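Reader: I would like to go through the labels attached to this model and see what each one rests on. Please set the values against the cut-offs.

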Amino acid sequence: MIIYFSENLKKLRLSQNLTQEKLADFLNVSFQTVSKWERGETYPDITMLPSIAQFFKVSVDVLLGVDKTENEKELNNLLEEYDNLTDEKLISEQIKALKDKYPTDFRVQLRWMGYLSFYDGWDNLEKNAPEIMSVYNHIQNNCTNDAVRICAKRYYIWFMSNLSCKENPKVTFEDYEPIIREMPLMRDGRENFYYCYRLHNHPCADEIIMEAIEEQLFLFYSTISDYYLTDKFSCDYQIITTEKTKEFFNNIYDDGNYSRMWRTVISRCYGMLGYFYFQKGDNENALHNLRKSAELAIKFDNLPRITTLHSTIFDGKKFDKHELGTNFIAKSWIKETIENYPLSDDFKNTSEFKEIMAMLS
């Protein structure tokens, strides 16, 4: 059984605006003892539990988190289901349901903060700002899980960054740079440690290391696309960068199964290349890359849910399509993506383009 005494004690104490010193006085212990209890370093004598529970007017089961233990499996399943959603309507419905059912769980609060920052619409950013800031501060001040606290910082930085891009922004880079400086360096991330130490004796060493490498690949591409594939650079330079990135991923995933990077390769490599070549006036290469993105979307949708990679680097690694969303359909997604490109009517009326769109229907 998992015991949640430490975090429950802190929550109960803070809910009554008590200091550790005041609680310690009532229990006739030192405030250092209470501090160690809340950090999970030590636990009180079992005979003290009824007194602590009585002080907060709760049962010993609630104090220890027995009810939470029973609900933990259900909550974990709901969080995994939510994390795999790609449909924005379902995301909205499920996070609101989670928030209503588990309002005090920090993992749910983190996802609520993420929803308000990323999914609730560009126009609602300023309206959501007070609640996002409130949830962020609550997590930083009260949550003891470092992973949740760091992820909340990441969400908050992205939110502040987007807010600074609005017209007449009320925030600047200097407002959130101090939070960025608090974040761990990339070399301090778990993926880097898994990779560096190679876990020679771990029974799942290969799987863990492959996942760590793939996470680093994902971050590598995110950095390239967020910087180089912007209006800061010319169309010719964007084509060169994207062609080299496409070649890189085709060399890494040389068996044709792009695993976690499927969406990136389908859309951000081939799809964007099609649009970049259109901008340049090279319709032949534009149609070639758009067709390739459509073919890959069809290939992804036809894959079984679980596949095994046979590429040189990832040989034997399992890929679950649901990692990209349980309701993710690549054909409809890339069709909508291509339709949103600002392509000319003449280009869209060519037989080649109509054939590509028909493939995705």
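Author: Start with accessibility: a residue is buried under 20% relative accessible area, exposed over 50%, and partly exposed in between. The model is a predicted one.

Reader: Why is Tyr-227 called partly exposed?

Author: The relative accessible area of Tyr-227 is 41%. Partly exposed covers what lies between under 20% and over 50%, so Tyr-227 is partly exposed. Tyr-228, with 29%, is partly exposed by the same reasoning.

Reader: What makes the pair of Tyr-227 and Tyr-228 edge-to-face?

Author: A pair of aromatic rings is described by the distance of the centres and the angle of the planes. Ring centres must lie within 6.5 Å for a pair, and planes over 60 degrees apart count as edge-to-face. For Tyr-227 and Tyr-228 the centres are 4.9 Å apart and the planes stand at 80 degrees, so the pair is edge-to-face. Tyr-227 and Phe-233 have centres 5.3 Å apart and planes at 75 degrees, so this pair is edge-to-face too.

Reader: How many aromatic pairs does the rule give?

Author: The count is 28 aromatic pairs. One aromatic cluster is formed by Phe-220, Tyr-221, Phe-248, Phe-249, Tyr-253, Tyr-258, Trp-262, Phe-300, Phe-314, Phe-328 and Trp-333.

Reader: How do you know that the charged end of Lys-99 sits over the ring of Trp-112?

Author: The rule asks for NZ of Lys or CZ of Arg within 6 Å of the ring centre and within 35 degrees of the ring normal. The charged end of Lys-99 is 4.9 Å from the centre of the Trp-112 ring and sits over that ring. Arg-260 lies over the face of Phe-218, at 4.4 Å from the ring centre.

Reader: Is Ser-225 buried or exposed, and what does its side chain reach?

Author: Ser-225 has a relative accessible area of 6%. The cut-off for buried is under 20%, so Ser-225 is buried. The residue is found in helix H13, residues 205-228. Its side chain reaches the backbone oxygen of Ser-222 at 3.2 Å, against a limit of 3.5 Å for a polar contact. Setting aside neighbours within four places in sequence, Ser-225 is in contact with Thr-230 and Arg-268.

Reader: How many disulfides does the structure hold, and how do you know that Cys-143 is in none of them?

Author: The structure holds zero disulfides. For Cys-143 the nearest cysteine sulfur is that of Cys-151, 11 Å away. A disulfide needs the two sulfur atoms within 2.5 Å, so Cys-143 is in no disulfide. Cys-151 is likewise in no disulfide, with the sulfur of Cys-143 as its nearest at 11 Å. Cys-143 has a relative accessible area of 7% and is buried; Cys-151, at 13%, is buried as well.

Reader: What makes Ser-59 partly exposed, and where does it lie?

Author: The relative accessibility of Ser-59 is 37%, so it counts as partly exposed. Ser-59 lies in the loop between helix H4 (49-56) and helix H5 (60-64). The C-alpha atoms of Ser-59 and Asn-124 are separated by 41 Å, with their positions 65 residues apart along the chain.

Reader: How many helices and strands are there in the protein chain, and what share of the residues is buried?

Author: The protein chain has 19 helices and two strands. Of its 361 residues, 42% are buried.

Key:
Residues numbered from 1 in each chain as written. Predicted model: local features only at pLDDT ≥ 70, side-chain atom pairs only at ≥ 80, totals over all residues. Heavy atoms only, no water. Phe/Tyr/Trp six-rings, centres within 6.5 Å; stacked < 30°, edge-to-face > 60°. Buried < 20%, exposed > 50% of the residue type's maximum accessible area, 1.4 Å probe, protein only. Helix = DSSP H or I, 4+ residues; strand = E, 2+ residues; numbered from the N terminus. Polar contact = N/O pair within 3.5 Å; in protein donor to acceptor, adjacent residues only side chain to side chain. Contact = heavy atoms within 4.5 Å.
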